[in-house]
Amino acid sequence: MQALACRSISHQHCVLSHIYSCTPLKANISRRMDYFWRRRAIDNTGLVNSLRENGTITTSRVAEVMEQIDRGLFVPAGVGDPYFDTPAPIGYNATISAPHMHAACLELLKDHLQPGMRALDIGSGSGYLTAIFALLVGETGRAVGVEHISELTEKSVENVQKCNAAHLLTSDSLSLHTGDGRKGYPDLAPYDAIHVGAAAPTIPPALIEQLKPGGRMVIPVGDVFQDLVVIDKDMQGEVKQWDYTQVRYVPLTDRQMQLEKEQ
């Protein structure tokens, strides 16, 4: 387990009196990003093998579930190579994250994606990561995706229907919704795992409130400069956070602002 250097800071938006900011004593994976982006595979299995070779995937459980969901089904035809380790546009000024970022988030969240648990995917976009969450939590769990562009929600349902998680969509263990991700999805809260796929200027308080005691959230935070922040809530409701690595995500915003940026 990594050692953490922690300090208490006030958090004016949180229902808790304090949130703790922690810095992990670890190597920064951002120094390897250029290497990741140069890697290309011929198929989904090759992509996963590449991520294992470069150390992004460290557990067989994450490797196996990423092999089961073919990224090629979630990247629109003609916009990019789905097996190249880089983000790809999916329309409406949105992207599907680079495979190494999805793999890194899965490794961070895997202990909170056990069968029977609940997972929330904010900015679910293509539906790719929500489908992976659904396979991990299984039919006794619940995987929920929230996307504020309705056209992307509709397309994500079509994508999932083609993949190995389609049966979970039918059984309602997996659901995809249109809504403001900054507000979470309170109807099915609390969640053992929360993933946010767009950068928020600050951590939305609703997401902290909907995180289950014992749960973990992974969220990019910042504007020009962004960090992938890991937030843990203990069984007493105390929240701690630490920065995993520097990242670059599209902003977590509303539909109007996102579509204006596309024009």
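Helices here are DSSP runs of H or I at least four residues long, strands are runs of E at least two long, and both are numbered from the N terminus. With that in hand, let's walk through the model, which is a predicted one.

**Start with the whole chain**

Show the cartoon first. You're looking at 9 helices and 11 strands. Colour by burial, and 52% of the 263 residues come up as buried. Now for contacts between residues at least 6 apart in sequence: 58% of them link residues at least 24 apart.

**Stop 1: helix α5**

Select residues 128-137, which is α5. How many residues of α5 are buried? The count is 9 of 10, so the helix is largely enclosed by the rest of the structure. The buried ones are Tyr128, Leu129, Thr130, Ala131, Ile132, Phe133, Ala134, Leu136 and Val137. Step just past the end of α5 and you'll land on Gly138, where phi is positive, at about 75°.

Keep α5 on screen, as two other helices will be added to it.

**Stop 2: add α3**

Bring in residues 60-68, helix α3. The α3 and α5 axes come within 10 Å and cross at roughly 120°. The two helices are therefore oblique to each other, and the crossing of α3 past α5 is right-handed.

Turn on side chains to see who touches whom. From α3, pick Arg61, Val65, Met66 and Gln68; their counterparts in α5 are Tyr128, Ile132, Leu135 and Leu136. Sorted by type, the residues of this contact are 6 nonpolar, 1 polar and 1 charged.

**Stop 3: swap α3 for α4**

Hide α3 and select residues 99-109, helix α4. Here the axes of α4 and α5 sit 12 Å apart, at an angle of about 30°. That makes the pair roughly parallel, since angles under 35 degrees are counted that way. As for handedness, α4 also passes α5 in a right-handed crossing.

Which residues in α4 meet α5? Look for His102, Leu106 and Leu109, which meet Tyr128, Leu129, Ile132, Phe133 and Leu136 of α5. This contact splits into 7 nonpolar residues, 1 polar and no charged.

**Stop 4: Ile69**

Go back towards α3 and click on Ile69, in the loop between α3 and β3. Is Ile69 buried or exposed? Its relative accessible area is 0%, so Ile69 is buried. Leaving out neighbours within four places in sequence, Ile69 contacts Asn44, Phe74, Tyr128, Ala131, Ile132, Leu135, Cys163, Asn164 and Ala165. You've already met Tyr128, Ala131 and Ile132 as buried residues of α5.

Try a distance label from Ile69 to Asn164: their C-alpha atoms are 6.2 Å apart, although 95 residues separate them along the chain.

**Stop 5: the β3-β4 hairpin**

Select strand β3 (residues 88-91) and strand β4 (residues 94-96); they run antiparallel, joined by 3 bridges. One pairing to highlight is Gly91 with its bridge partner Ala94 in β4.

Between the strands of this hairpin are 2 residues, and Tyr92 takes a positive phi near 60°. Asn93, in the loop between β3 and β4, also has a positive phi near 60°, and Asn93 isn't a glycine. How accessible is Asn93? At 33% relative accessibility, Asn93 counts as partly exposed.

**Stop 6: two loops around β7**

Jump to Asp172, in the loop between α7 (166-170) and β7. Asp172 is another residue other than glycine with a positive phi, this one near 70°. With 49% relative accessibility, Asp172 counts as partly exposed.

Next, zoom in on Pro190, in the loop between β7 (174-178) and β8 (191-196). Check the backbone there: the peptide bond from Ala189 to Pro190 is cis, and its omega is near 5°.

**Last stop: Val229**

Finish in strand β10 (residues 226-233), home of Val229. Val229 is buried, with a relative accessible area of 3%. What does Val229 touch, not counting residues up to four places away in sequence? Display Met217, Val218, Ile219, Val221, Gln241, Trp242 and Asp243 to see the set. For a final distance label, take Val229 to Val218: 5.8 Å between C-alpha atoms, with the two residues 11 apart in sequence.

Terms used:
Residues numbered from 1 in each chain as written. Predicted model: local features only at pLDDT ≥ 70, side-chain atom pairs only at ≥ 80, totals over all residues. Heavy atoms only, no water. Axes fitted to C-alpha atoms, helices over the stretch in contact; angles between N-to-C directions. Parallel < 35°, antiparallel > 145°, perpendicular 65-115°, else oblique. Left-handed = near helix turned anticlockwise from the far one by under 90°. Contact = heavy atoms within 4.5 Å. Nonpolar A, V, L, I, M, F, W, Y, C, P; charged D, E, K, R; others polar. Pairing = 2+ DSSP bridges. Buried < 20%, exposed > 50% of the residue type's maximum accessible area, 1.4 Å probe, protein only.
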